[in-house]
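The following paragraphs lead the reader through a structure, beginning with a single residue and widening from there to the chains and their contact.

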Amino acid sequence: MTQLLPQLIALAIGLAVTLAVKGVERLLKRHRDQPPDDGDQR
Amino acid sequence: MSNTLGIPPRRLDAIYRVTSVLWAVYAAALAMSVYGSVLIAYADPGRYVVSAASVLIGLGMLVRLIAPRSRWTGWTLPLMGTVGVTAFVLSQFGADMAGGFTPARTGYGLLLLVPALIAYVHWIAERVVAHR
């Protein structure tokens, strides 16, 4: 018999990890595009 | 195409071509492996979905050889990661259903998982570092 629940759980975990990585990308891009802090300029 | 690494455009082009071929080969390998794996054999229709998505990624990677690259990275690599993690979890459920975890069954799952993590790193690195 085919069990559907483990397959749905596997797909949900895969999508969740990808969305989490997408969030990390947004954080990194925001960090990259931030103007340099005045205190850092010499 | 400008990038923050100072890589000359022609060399960046070559890197794109090589990575496209490598990911296409891996996508084909993943499709065949998931389709035929004894551990994932219980997962109907999941294994067909995962295999079909892998074939789609492989075709996308072949187009990435010649097409505007960043656009084709944008959906192929996240899908590669999703498919890899899904295959890993399916294989571990399969190991449990097949009678329990063994080093070979866990190792097979990790062999599926590691390229998925590399796909995520490649995706984010290309988005954040290589392109402005």
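A:Glu25 is buried, because its relative accessible area is 2%, and the threshold for that class is under 20%. The model in which this value was computed is a predicted one. Although it is buried, A:Glu25 takes part in a salt bridge with A:Lys22, in which the closest N and O atoms are 3.2 Å apart. A:Lys22 and A:Glu25 are three residues apart in helix 1 of chain A (residues 4-33), so about one helical turn separates them. A:Lys22 itself is partly exposed, at 30% relative accessibility.

A:Glu25 also forms a salt bridge with A:Lys29, and here the closest N and O atoms are 3.4 Å apart. Again the separation is about one helical turn, because A:Lys29 and A:Glu25 are four residues apart in helix 1 of chain A. With a relative accessible area of 27%, A:Lys29 counts as partly exposed. In general, side chains of opposite charge can pair when their charged atoms come close.

Another salt bridge joins the side chains of A:Asp33 and A:Arg32, with an N to O distance of 3.1 Å. A:Asp33 is partly exposed at 48% relative accessibility, and A:Arg32 is partly exposed with a relative accessible area of 23%. Through shared partners, salt bridges join A:Lys22, A:Glu25 and A:Lys29 into one network. Over all chains, the structure holds six salt bridges.

How many salt bridges does the rule find across the interface of chain A and chain B? The number is zero. The contact nevertheless takes 20 residues from chain A and 21 residues from chain B. On the chain A side, A:Gln7, A:Thr18 and A:Arg32 lose the most area to chain B, together 30% of what that side buries. A:Arg32 thus appears both in this group and in the salt bridge with A:Asp33. The area buried between chain A and chain B is about 1,700 Å², and carbon and sulfur atoms give 72% of this area.

Attention now turns to chain B as a whole. Its secondary structure consists of four helices and zero strands, which read along the sequence as α-α-α-α. Taken along the principal axes, the C-alpha atoms of chain B fill a box of roughly 55 × 25 × 20 Å. Chain B has 132 residues, of which 48% count as buried. Among the contacts in chain B with a separation of 6 or more, 73% come from residues 24 or more positions apart.

The surface and charges of chain B can be described in similar terms. Chain B exposes about 6,400 Å², and carbon and sulfur atoms supply 74% of that area. It carries 10 positive and 4 negative charges, and the mean positions of the two groups are 13 Å apart.

Individual residues of chain B add detail to this outline. B:Arg11 is placed in helix 1 of chain B, which spans residues 9-36. Is B:Arg11 buried or exposed? B:Arg11 counts as exposed, because its relative accessibility is 56% and the exposed class begins over 50%. B:Arg11 and B:Val21 are 10 residues apart in sequence, and their C-alpha atoms are 16 Å apart in space.

Helix 3 of chain B, residues 69-97, contains B:Ser91. B:Ser91 has a relative accessible area of 0% and is therefore buried. Which residues is B:Ser91 in contact with, leaving aside its neighbours within four places in sequence? They are B:Leu39, B:Ile40, B:Tyr108, B:Gly109 and B:Leu112.

B:Phe88 also lies in helix 3 of chain B. Apart from neighbours within four places in sequence, B:Phe88 is in contact with B:Gly109, B:Leu110, B:Leu112 and B:Leu113. B:Gly109 and B:Leu112 are thus among the contacts listed for B:Ser91 and for B:Phe88. B:Phe88 and B:Gly109 are 21 residues apart in sequence, yet 4.8 Å apart in space from C-alpha to C-alpha.

A final point concerns the backbone. Most peptide bonds are trans. The peptide bond from B:Asp44 to B:Pro45, however, is cis, with omega near 5 degrees. B:Pro45 has its place in the loop between helix 1 and helix 2 (46-64) of chain B.

Note on methods:
Residues are numbered from 1 along each chain as its sequence is written. Chains are lettered from A and ligands numbered from 1 in the order in which they are written. This is a predicted model: local features need pLDDT of at least 70, side-chain atom pairs count only at pLDDT 80 or more; totals for chains, interfaces and linings use all residues. Side-chain values use heavy atoms; hydrogens and water are left out. Helices (H or I, at least four residues) and strands (E, at least two) are DSSP runs, numbered from the N terminus. Buried means under 20% relative accessible area, exposed over 50%, partly exposed in between (1.4 Å probe, protein chains only). Contact means heavy atoms within 4.5 Å. Accessible areas come from the Shrake-Rupley method with a 1.4 Å probe; for residues, only the protein chains shown count as cover. Lys and Arg count as positive and Asp and Glu as negative; His and the chain ends are not counted. The place of a charge is taken as NZ of Lys, CZ of Arg, CG of Asp or CD of Glu. Buried area is the accessible area (1.4 Å probe) that two parts lose on being put together, summed over both. A salt bridge is a side-chain nitrogen of Lys or Arg within 4 Å of a carboxyl oxygen of Asp or Glu.
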